[in-house]
Amino acid sequence: MSDIIINYSGYILNGTIGALKASSLANLVKPDMKVSLKPNMVLAKPPSEGATTHAEVVEGIIIFLKEAGVKDIEIIESAWIGDNTKRVYEVCGYNQLIKKYGVVLHDLKDDKIRKINIGKYAFEICEKALNTDFLINVPVLKAHCQTRLTCCLKNLKGCISDREKRNFHTMGLHEPIAYLNKAIKTSFCVIDGICGDLTFEEGGNPITRNMIICGQDPLLLDSYCATLLGYRAEEIGYIPIAYDLGVGGLYNDNTEITELNAFKKPVFSNPDRGLTKRLSARVIEDGACSACYSALINALYRTGYNGEKISVGQGFRGKSGNLGCGNCTSEFTDYVKGCPPTAAILAEFLREL
């Protein structure tokens with residue numbers, strides 16, 4: 001069986017089922033298992049904008065599991081800080097899966113928390129991510145303005161408390177993301193590569209790829225997907241750390257890849273790898289949460305602002321300064337309220353400047 005299965009298909013539901021049939025998943029799941037699906041439902045935007053997992057991908061997994069005799073299937077997720085998971089489920093079309101297949105949608109913001117010690121960290125992890133027999137990670141292949149790539153490994157960040165999400169940003173993201181993947185075991189991955197945003201994690205600039213990618217090793221998949229965004233694996237900070245921790249293997253010339261419908265492979269240009277770097281030159285960041293930092297980067301992108309640098313992050317709480325983004329900079333002379341402020345409000349602020 002190949003290490004990575006890729007199916008190129010514009011028909012999302014059938015493309016997902018086709019990829020799974022070519023994979024090892026049928027040999028891994030048992031009918032008496034509790035199977036939990038963890039999509040990327042970071043914010044309330046439809047999947048067509050490139051930020052969230054298509055409901056059709058999750059539906060394809062559910063159909064495949066039910067045909068394998070699995071009855072206990074649940075979907076677990078927690079939107080990023082500042083958004084409502086239940087609203088995200090609704091906007092992204094997940095509520096229909098309840099009626100159609102009898103699956104349960106869980107908002108991990110309401111879940112019980114368990115503190116798990118791993119290495120030097122003590123993570124606040126939602127119990128449903130731990131109390132499952134088989135966790136299927138269903139991320140979107142897309143860019144991230146702080147970590148460059150967000151895919152399998154980073155998607156597990158939705159399984160921790162909101163307080164822990166803030167802590168991850170104060171700790172620099174990369175190392176805690178790697179350690180989190182030692183604390184939570186991913187059993188299988190199905191990557192939504194339909195139209196992920198290749199610039200920002202909150203979508204708005206989707207690039208059509210029409211790919212469903214699946215396999216057992218989340219690190220191997222992430223190191224491969226990094227190349228699809230134009231990066232080497234070692235350029236994604238948490239990948240080499242996760243490798244050293246034994247999370248999985250790395251993509252190399254010996255990795256076995258099966259491509260289905262390769263004749264439908266789309267032709268696309270490489271993303272502008274320097275765009276976020278150029279925009280972040282206008283930012284002073286210290287422990288910023290993704291929602292706040294991403295909104296600011298998007299506002300900079302939309303307005304072309306090139307003035308005084310703007311501070312963002314938890315590290316500015318109680319400190320003074322001139323221009324700030326978010327409630328953490330409330331002591332600044334001029335700042336934008338919100339936790340997080342929206343990109344639209346920030347753009348208006350920047351235009352006034």
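Here are three short exercises, with worked solutions, on the packing in this predicted model.

**Exercise 1.** Work out which residues touch the most other members of the largest nonpolar core, and which helix gives the most to this core.

*Solution.* Start with the core itself: it has 50 residues, and Phe123, Ile125, Leu141, Leu149 and Ile213 touch the most other members. Next, look for the helix: H10 (residues 218-228) gives the most, with seven residues. Now zoom in on Leu141. Leaving out residues up to four places away in sequence, its contacts include Leu149, Ile191, Ile213, Cys225 and Leu228. Apart from the largest core lies another one, of 41 residues, with Ile17, Met33, Ile61 and Val138 among them.

**Exercise 2.** Decide whether Leu135 is buried or exposed, and find what it touches.

*Solution.* First, place Leu135: you'll find it in strand E7 (residues 134-138). Then check its relative accessible area, which is 1%; buried means under 20%, so Leu135 is buried. Finally, list neighbours more than four places away in sequence: among them are Ser36, Ile76, Leu156, Ile184 and Phe188. Take Ile184: 49 residues along the chain separate it from Leu135, yet their C-alpha atoms are 8.9 Å apart.

**Exercise 3.** Explain why the buried residues of helix H14 line one face of the helix.

*Solution.* Begin by picking out the buried residues of H14 (residues 343-352): Ala343, Leu346, Ala347, Phe349 and Leu350. Looking down the axis of H14, these fall within an arc of 160 degrees, so they line one face. The spacing rule helps here: an α-helix has 3.6 residues a turn, so residues three or four places apart point the same way. Now flip to the other side of H14, where Ala344, Arg351 and Glu352 are exposed. Last, ask what covers the buried residues: the cover includes helix H13 (290-303) and strands E14 (310-312), E15 (323-325) and E16 (334-336).

Conventions: Residues numbered from 1 in each chain as written. Predicted model: local features only at pLDDT ≥ 70, side-chain atom pairs only at ≥ 80, totals over all residues. Heavy atoms only, no water. Core = buried A, V, L, I, M, F, W, Y, C linked by side-chain atoms within 4.5 Å. Buried < 20%, exposed > 50% of the residue type's maximum accessible area, 1.4 Å probe, protein only. Helix = DSSP H or I, 4+ residues; strand = E, 2+ residues; numbered from the N terminus. Contact = heavy atoms within 4.5 Å. Arc of directions from axis to C-beta.
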